[in-house]
Amino acid sequence: MTNLQNKRVVVTGLGAITPIGNTLDSYWQGLREGRNGIGLITCFDTTNHVCKIAGEVKDFDPLLYMDRKEAKRMARFSQFAVAASKDALKDANLVINEDNADDVGIVIGTGVGGLSVMEEQNEVLLTKGPGRVTPFLLPTMISNMAAGLTAIHVGAKGPTSGSVTACAAGSNGIGDAFRLIQSGYAKAMICGGTEAAITPLAMAGFASAKALSTRNHSPQTASRPFDKDRDGFVMGEGCGILILEEREYALARGARVYAEIVGYGMTCDAYHMTSPVPEGLGATKAMKLALKDGNLSPSDINYVNAHGTSTPANDSTETKAIKGALGDNAYNILVSSTKSMTGHLLGGSGGIEAVATVLAIVNDQVPPTINLQNPDDECDLDYVANESRKVTVNVALSNSFGFGGHNVTLAFRKH
């Protein structure tokens, strides 16, 4: 990191499309109240599926953000990205024009991109023949289109890309955007993660891998991170976007600052396709790197927004990783998994969870881990069970881990 100019980077805007609210205010209110966004799947027939539950985004209208023709040529994950990005820009009061377009970039991560489009068009191929497959198949489904289409809609012409690191993609998007501003390549970045993977193929695949909860009889209690009775994650969908700006640029234009992003740690387990390395060593290192990057000590940390997927392997391993990174201080901090309310957005999770982490700092209130009734013996930290907690939050971490062994930790602090 010796080549970095080390410019300070702040968060000036937030946008969220989630299973518990499609606006920033409704999302935060849902988090504070411990609202549950999990229910029976309505977007396709689950008759033959083992898992019939998910965290669907409700009442989302893309026509509030684009015209009908544009919406029709855009996969749902990209619709979410455009919508949340426009909301975040409005929240930041950042107008992109000819004067600053080259200084504003985008990094939006996703895990699987336009999987629904691929599934739909494969059915067209099989039933109607190759000549009926839409010419928009490839430009609609490819993962970079969340960033590319957002750029088209908002006019950002700066450094733009899409991170694709499974469930760490959203956090990688934020971290990479942080680095671009820090090193002087951009003055402002639209960044985060988006996902819309509640599809027949994705649900069947994760179910076959025994990764999903099958608590179909009680959807609202299915996502239960750190609980002894957890039986898998619950799929979610949505998008979380942050507007990051170089601090002096933001202050010069009179921007309201939510928080400062100060650390980014990124590692790989190099161990297994889907399982974390024993003892969470890769995750521990990512957290330590984020601390070092932000010139932070374990005693500075007040809150960790955990990856907390509600799978048997993740929750106990992440607990060990937090202890490995923070030592005895791990028992003095608050840890919670907002996936207990939203489900797991895969590549979109890092986006909405970074938004939650920033809001926890701004409001000095930590969202709860709901459905935590019977704590696992191996999960012995303070997970803010079932009710949010008012406490001073000066510094917080947000963890995201993905298939392939990707580990990402972001560090935020009060400005």
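Helices here are DSSP runs of H or I at least four residues long, numbered from the N terminus. Keep that in mind for the opening stop, and remember throughout that you're looking at a predicted model.

**Stop one: serine 349**

Select serine 349, which lies in helix H13, residues 349-363. Is serine 349 buried or exposed? Its relative accessibility is 0%, so serine 349 counts as buried. Show what surrounds it: leaving aside neighbours within four places in sequence, serine 349 is in contact with Cys167, Lys339 and His344.

**Zoom out: the whole chain**

Now reset the view and take in the protein chain, with its 13 helices and 14 strands. Draw a box along the principal axes and the C-alpha atoms fill roughly 60 × 55 × 40 Å. The radius of gyration is 20 Å, which agrees with the value near 22 Å that a compact globule of 415 residues would have. Colour by burial and 62% of the 415 residues count as buried. If you'd rather look at the surface, the accessible area comes to about 16,100 Å², and 51% of that belongs to carbon and sulfur atoms.

A contact map is worth a glance too. Take the contacts between residues at least 6 apart in sequence: 79% of them join residues at least 24 apart.

**Stop two: the open sheet**

Switch to cartoon and pick out the strands. In which order do the 10 strands of the open sheet come? Walking across, you pass S5-S4-S6-S7-S1-S8-S14-S13-S9-S10, and the pairing is mixed. The edges are S5 (160-161) and S10 (334-336); each has a single partner strand, so one side of each is left without a neighbour in the sheet. As background, strands of a sheet pair through backbone hydrogen bonds, either parallel or antiparallel.

**Stop three: strand S1 and its partners**

Next, select S1, residues 9-17. This strand is mostly covered, with nine of its nine residues buried. Look to either partner in turn:

- S7 (residues 238-246) runs antiparallel to S1, and eight bridges join the two. For a landmark, find glycine 13, which stands opposite isoleucine 243 in S7.
- S8 (residues 259-268) is also antiparallel to S1, joined by three bridges. Here the pair to label is valine 10, opposite glutamate 260 in S8.

**Stop four: glycine 238**

Stay on S7 and click glycine 238, which is found in that strand. With 0% relative accessibility, glycine 238 counts as buried. Which residues is glycine 238 in contact with, leaving aside its neighbours within four places in sequence? The list runs to Ile17, Val57, Phe80, Gly193, Thr194, Glu195 and Leu345. For a sense of scale, measure across to glutamate 98: the two C-alpha atoms are separated by 30 Å, with their positions 140 residues apart along the chain.

**Stop five: the cysteines**

Glycine 238 has cysteine 239 as your next click. How many disulfides does the structure hold? Zero. The sulfur of cysteine 239 is 10 Å from the closest cysteine sulfur, the one in cysteine 191, which is too far for a bond. The reverse check, starting from cysteine 191, leads back to cysteine 239 as the closest, at 10 Å. A disulfide needs the two sulfur atoms within 2.5 Å. Both sites are covered: cysteine 191 counts as buried at 0% relative accessibility, and cysteine 239 counts as buried at 0% as well.

**Stop six: helix H7**

Jump to helix H7, residues 169-182. Its 14 residues reach 20 Å from the first C-alpha to the last, close to the 20 Å expected at 1.5 Å a residue. H7 is mostly covered, with 12 of its 14 residues buried; among them are Ala169, Asn172, Phe178, Arg179 and Gln182. Just past the helix, check the backbone of glycine 184: this residue follows H7 and has a positive phi, near 90°.

**Last stop: threonine 221**

Finish in the loop between helix H8 (200-208) and S7, where you'll find threonine 221. Its relative accessible area is 25%, so threonine 221 is partly exposed. Leaving aside neighbours within four places in sequence, threonine 221 is in contact with Arg215 and Asn371. Then add isoleucine 38 to the selection: threonine 221 and isoleucine 38 are 183 residues apart in sequence, yet 8.3 Å apart in space, C-alpha to C-alpha.

Note on methods: Residues numbered from 1 in each chain as written. Predicted model: local features only at pLDDT ≥ 70, side-chain atom pairs only at ≥ 80, totals over all residues. Heavy atoms only, no water. Buried < 20%, exposed > 50% of the residue type's maximum accessible area, 1.4 Å probe, protein only. Pairing = 2+ DSSP bridges. Contact = heavy atoms within 4.5 Å. Expected span 1.5 Å × (residues − 1). Rg over C-alpha atoms; globule rule 2.2 N^0.38 Å. Areas by Shrake-Rupley, 256 points an atom, 1.4 Å probe, with all protein chains shown as cover.
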